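Colleague: I have this one open in front of me and would like to go through it. Can we start with the empty space inside?

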Amino acid sequence: MEMARDDLGVAVNIRSIDRTELYAADEVFLCGTGAQISPVIEIDRRTIGSGRPGPITRELSRAYFDAVRGRLPAYRDWLTPVY
């Protein structure tokens, strides 16, 4: 959330949504430890947006992987050295 808001300038609004809101979305993605940033291109056999990962999903994914690979000093506290 902080990366999207602070680094990419994306408005972040955390709230519960009705499933039908997803059908009208331009982009949908899942994020979390196991998912990283995973684009969702279809829900209930309904295509989301263009059916391809959108620009916010692509940019957030790029920024996330830069952070976890140590390329973004602001997020070094996310990393734990493994010896």
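Modeller: Keep in mind that this is a predicted model. The count comes to 1 cavity of 30 Å³ or more.

Colleague: What volume does the largest cavity have?

Modeller: About 40 Å³.

Colleague: Which residues line it?

Modeller: The largest cavity is lined by D26, E27, V28, P39, V40, I41, I48, G51, R52, P53, G54 and T57. By class, that lining has 6 nonpolar, 3 polar and 3 charged residues.

Colleague: P53 is in that list. Where is P53 found?

Modeller: In the loop between β4 (46-47) and α3.

Colleague: And what is P53 in contact with, leaving aside its neighbours within four places in sequence?

Modeller: P39, I41 and R58. P39 is 14 residues from P53 in sequence, and the two are 5.6 Å apart in space, C-alpha to C-alpha. Both P39 and I41 also line the largest cavity.

Colleague: Is P53 buried, exposed or partly exposed?

Modeller: P53 has a relative accessible area of 34%, so it counts as partly exposed.

Colleague: Now pockets. What is the volume of the largest pocket?

Modeller: About 1,000 Å³. It is lined by 28 residues, and the closest to its centre are A11, V12, N13, F29 and C31.

Colleague: Which elements supply at least two residues of that lining?

Modeller: α1 (2-7), α2 (19-23), β1 (28-32), β2 (36-40) and α3 (55-68). The largest share comes from β1, with 5 residues.

Colleague: How does the lining of the pocket divide by class?

Modeller: Into 19 nonpolar, 4 polar and 5 charged residues.

Colleague: Let me step back to the whole chain. How many helices and strands does it have?

Modeller: The protein chain has 3 helices and 4 strands. From the N terminus on, the elements run α-α-β-β-β-β-α. The C-alpha trace spans about 45 × 25 × 20 Å along its principal axes.

Colleague: How much of the chain is buried?

Modeller: Buried residues make up 22% of the 83 residues.

Colleague: Then which residues make up the largest nonpolar core?

Modeller: There are 8 in all: M3, A4, I37, L60, A63, Y64, A67 and Y75. α1 and α3 each supply at least two of them, and the largest share, 4 residues, comes from α3.

Colleague: Take L60 from that core. What is L60 in contact with, neighbours within four places left aside?

Modeller: M3, A4, L8, F29 and I37. Apart from the core with L60 lies another core, of 5 residues, among them A25, V40, I43 and I48. V40 and I48 also appear in the lining of the largest cavity.

Colleague: Y75 is in the largest core too. Where in the chain does Y75 lie?

Modeller: In the segment after α3. Y75 has 4% relative accessibility, so it counts as buried. Leaving aside its neighbours within four places in sequence, Y75 is in contact with E2, M3, D7 and A67.

Colleague: How far apart are Y75 and E59?

Modeller: They are 16 residues apart in sequence and 16 Å apart in space, C-alpha to C-alpha.

Colleague: What about D66, buried or exposed?

Modeller: Buried, because its relative accessible area is 14% and the cut-off for buried is under 20%. D66 lies in helix α3.

Colleague: Which side chain does the side chain of D66 make a polar contact with?

Modeller: That of R62, at 2.7 Å. Leaving aside neighbours within four places in sequence, D66 is also in contact with R71 and L72.

Colleague: Last topic, the backbone. What is phi at D44?

Modeller: Phi of D44 is positive, about 55°, although D44 is not a glycine. Most residues other than glycine have a negative phi. R45 likewise has a positive value, near 65°.

Colleague: Where does D44 lie?

Modeller: In the loop between β3 (42-43) and β4. R45 is found in that loop as well.

Colleague: And how accessible are D44 and R45?

Modeller: D44 is partly exposed, with a relative accessible area of 43%. R45, at 79% relative accessibility, counts as exposed.

Technical notes:
Residues are numbered from 1 along each chain as its sequence is written. This is a predicted model: local features need pLDDT of at least 70, side-chain atom pairs count only at pLDDT 80 or more; totals for chains, interfaces and linings use all residues. Side-chain values use heavy atoms; hydrogens and water are left out. On a 1 Å grid over the protein atoms alone, a cavity is a set of points where a 1.4 Å probe fits but cannot get out, and a pocket is an open set with protein on both sides within 12 Å along at least five of seven lines; lining residues have an atom within 4 Å of a point. Grid points are joined across faces, edges and corners, and a volume is the space filled by probe spheres set on the points. Ala, Val, Leu, Ile, Met, Phe, Trp, Tyr, Cys and Pro count as nonpolar, Asp, Glu, Lys and Arg as charged, and the others, Gly among them, as polar. A nonpolar core is a set of buried Ala, Val, Leu, Ile, Met, Phe, Trp, Tyr and Cys residues joined through side-chain atoms within 4.5 Å. Buried means under 20% relative accessible area, exposed over 50%, partly exposed in between (1.4 Å probe, protein chains only). Contact means heavy atoms within 4.5 Å. A polar contact is a pair of N or O atoms within 3.5 Å; within protein, one must be able to donate a hydrogen and the other to accept it, and residues adjacent in sequence count only if both atoms are side-chain atoms.
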